[in-house]
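Q: Could you take a close look at the ligand site for me, and then at any unusual backbone geometry?

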Amino acid sequence: MNILVVGGAGYIGSHMVKQLLKDGHHVMVMDNLSKGYRDAVLCKTFFEIDMADQAATTKIFSENPIDAVFHFASFIEVGESISNPEKYFKNNTEGTQALLEVMIQFHVKYFIFSSTAAIFGSPNYSPIDERHPKSPINPYGHSKLLVEEMLERFDSAHGLRFVSLRYFNAAGADPEGELGERHNPETHLIPLVLQAASGRRDSISIFGSDYDTLDGTCVRDYIHINDLVEAHMKAITYLRQGHPSAAFNLGNGKGFSVKQIIEAAEEVTGKKIPFIFDERRIGDPSILVADASLANDVLGWTTEYQDVRDIIKHAWNWEKKYPW
Ligand SMILES: NC(=O)c1ccc[n+]([C@@H]2O[C@H](COP(=O)([O-])OP(=O)(O)OC[C@H]3O[C@@H](n4cnc5c(N)ncnc54)[C@H](O)[C@@H]3O)[C@@H](O)[C@H]2O)c1
């Protein structure tokens, strides 16, 4: 297939490009490099373009046959979205609408959307399945939920077939060591813990020690980046087989507390990881774990990396290569 990966210079998009190339697809990347890295783009064709720039995207779609768009481009910092919501609605929601409008004009058939557990807000029950009410508690989650809703309308009106994949916590790195996570600023637990292990950071903060969990720290569901990428491959196959548009929750189904992640990272790295307890953050649910049985049943998707230590091991190999 001819596939355009939007946001393909970022963490998840760059790993996606690598897998698509391995599977023999013709891959192009569009990214404005606001957060991504040019050297993470492994395919030949790269457009340094903002997805909201319709003149530029129109040129791309008019000059290149494109069967499917995989869409990873967005801002992802929850805290920043609370203080600057307009930045998130503008880029994540309006930017995506601008892209979709051009795609429809060129009759692009398939769209795979990176959505997030943040669309659900504070869970009423756990693990979270697709029937769980969608009630985002921050603008980041809201900006993505609006896209999910927009996609349903675009499907009804224009026949755009899509799959929304709601990731819980993407983690780990390319097992071959070529790619990894390098957000700036880094807000994700595993890379922060590993930066503390490597000495790039003095310590890490644990936000809240009195949650109703096994050890009082928040519990999250970590999914290996390659398992996530594999879910996208299953999703595009599903659409190409003629199935209707759909949304799936993606996770390991297992939760790990912040302290358990620190302990696992100490085991993998052989280093002591200093931490300090800090205040709870507003809007941090105690437990966020995915029920991915729908994706297991409908897409035939399962996770290869069940052991969180494997996820940490690959992330550690990447951290040891710093500066990248
Ligand atoms: N990382 C996670 O744990 C996680 C969890 C849930 C959902 N997601 C979703 O997955 C997607 C990818 O996340 P990531 O961790 O790879 O983030 P990332 O910041 O590493 O990658 C995003 C990429 O999109 C690009 N981009 C942003 N706005 C753009 C625009 N207007 N035009 C063109 N390019 C633009 C950035 O330059 C960057 O390369 C996001 O949509 C995010 O909401 C990520």
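A: Happy to! Let's begin with a contact: a polar side-chain atom of serine 74 sits 2.9 Å from an oxygen atom of the ligand, a polar contact being a pair of N or O atoms within 3.5 Å; within protein, one must be able to donate a hydrogen and the other to accept it, and residues adjacent in sequence count only if both atoms are side-chain atoms. Before going on, please note that this is a predicted model, in which local features need pLDDT of at least 70, side-chain atom pairs count only at pLDDT 80 or more, and totals for chains, interfaces and linings use all residues. Residues are numbered from 1 along each chain as its sequence is written, and side-chain values use heavy atoms, with hydrogens and water left out.

Aspartate 31 offers an N or O atom of its side chain at 2.6 Å from a ligand oxygen, while serine 34 has a polar backbone atom 3.2 Å from an oxygen of the ligand. The protein covers 97% of the 830 Å² of accessible area that the ligand has on its own, as computed by the Shrake-Rupley method with a 1.4 Å probe.

Around the ligand are 29 residues, of which Asp31, Asn91, Tyr140, Lys144 and His183 come nearest; a residue belongs here if one of its heavy atoms lies within 4 Å of the ligand. By class, this shell has 13 nonpolar, twelve polar and four charged residues, where Ala, Val, Leu, Ile, Met, Phe, Trp, Tyr, Cys and Pro count as nonpolar, Asp, Glu, Lys and Arg as charged, and the others, Gly among them, as polar. Strand 5 gives the largest share of the shell, three residues. Helices (H or I, at least four residues) and strands (E, at least two) are DSSP runs, numbered from the N terminus.

Now to the backbone. Most residues other than glycine have a negative phi, and most peptide bonds are trans. Leucine 33, though not a glycine, has a positive phi of about 60°. Leucine 33 lies in the loop between strand 2 (26-31) and strand 3 (45-48) and is partly exposed, at 24% relative accessible area; buried means under 20%, exposed over 50%, and partly exposed in between (1.4 Å probe, protein chains only). Histidine 107 also has a positive phi, near 55°, and is exposed at 69%.

Finally, a cis peptide bond joins asparagine 184 and proline 185, with omega about 5°, and another joins tyrosine 322 and proline 323, with omega about 0°.
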